[in-house]
Amino acid sequence: MFEFGNSWDALMAPEADKEYYKTLRKFLKQEYLHSGVPIYPEMNNIFNAFRHTDYHAVRAVIIGQDPYHGAGQAHGLCFSVLKGVEKPPSLVNIFKELQSDLGIAPPNHGELTQWADNGVMLLNSVLTVRAGSAGSHRNKGWETFTDRAISLLNEREEPIVFLLWGGYARAKKSLITNTRHLILECAHPSPLSAYNGFFGCRHFSKCNEFLRSIGRDEINWQID
């Protein structure tokens, strides 16, 4: 059973009784306890995106695919790595765009917890992965779970900015039907695609411009 310690608990509780989630739990128990292969992130970090950003505090959502699969990288927030871990190329490019857009110099680490605590939900579609095997936990039930979270955010009365980077994230657009929300789309920040539209997208300033226009506090994108 998951526990977030905030309003997500009641909203997501019905998922725990559904067959897909029961099957997912059995799969994860086998993977974490009996597979003999490291699974990322650590079990107590799987739901950090929910724990750090309460449902009612969400002002922006960044959607990722699945966790980093290298040792010590993933800790439950998409695109983020813990302090002391080398910044992955996509995150380096995110910081480049942030500097170009808002003049914020890249931090000396890659941990985005401050964003999460400041109202940016950093949600991967798949929340776990086998070491060294990208996509290894796809189609096991996580997508149903996180799609439900996106649908619940779509139902929010208060507008949210959805930042959809790359084809996988953009496919989630079908879940965002409420016209009060703002959807920002562009290429993925990966070095393979960043020059195809991620660089120069100005999503950070556009997000804040929208929030200001509806009378909400803008996101502090600065990371200490």
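Buried means under 20% relative accessible area. The model discussed here is predicted.

Q: How many residues of strand β5 are buried?
A: Strand β5 covers residues 161–165. The strand is mostly covered. The buried count is 5 of its 5 residues.

Q: Which residues point one way from β5, and which the other way?
A: The side chains split into two sets, and all are buried. Val 161, Leu 163 and Trp 165 point one way. Pointing the other way are Phe 162 and Leu 164.

Q: In β5, what is the bridge partner of Ile 62?
A: Strand β2 spans residues 60–64. β2 and β5 pair in the parallel sense over 3 bridges. The partner of Ile 62 in β5 is Leu 163.

Q: In β6, what is the bridge partner of Val 161?
A: Strand β6 spans residues 182–186. β5 and β6 pair in the parallel sense, over 5 bridges. The partner of Val 161 in β6 is Leu 182.

Q: How many disulfides does a search of the whole structure find?
A: A disulfide needs two cysteine sulfur atoms within 2.5 Å. The sulfur of Cys 78 is 13 Å from the closest cysteine sulfur, in Cys 186, so that pair is too far for a bond. The search of the whole structure finds 0.

Q: Why does the sulfur of Cys 201 form no bond with Cys 186?
A: Cys 201 is buried, with a relative accessible area of 6%. Its closest cysteine sulfur is in Cys 186. A disulfide needs the sulfur atoms within 2.5 Å. This pair is too far for a bond, because the distance is 4.0 Å.

Technical notes. Residues are numbered from 1 along each chain as its sequence is written. This is a predicted model: local features need pLDDT of at least 70, side-chain atom pairs count only at pLDDT 80 or more; totals for chains, interfaces and linings use all residues. Side-chain values use heavy atoms; hydrogens and water are left out. Buried means under 20% relative accessible area, exposed over 50%, partly exposed in between (1.4 Å probe, protein chains only). Helices (H or I, at least four residues) and strands (E, at least two) are DSSP runs, numbered from the N terminus. Two strands pair if DSSP finds at least two bridges between them.
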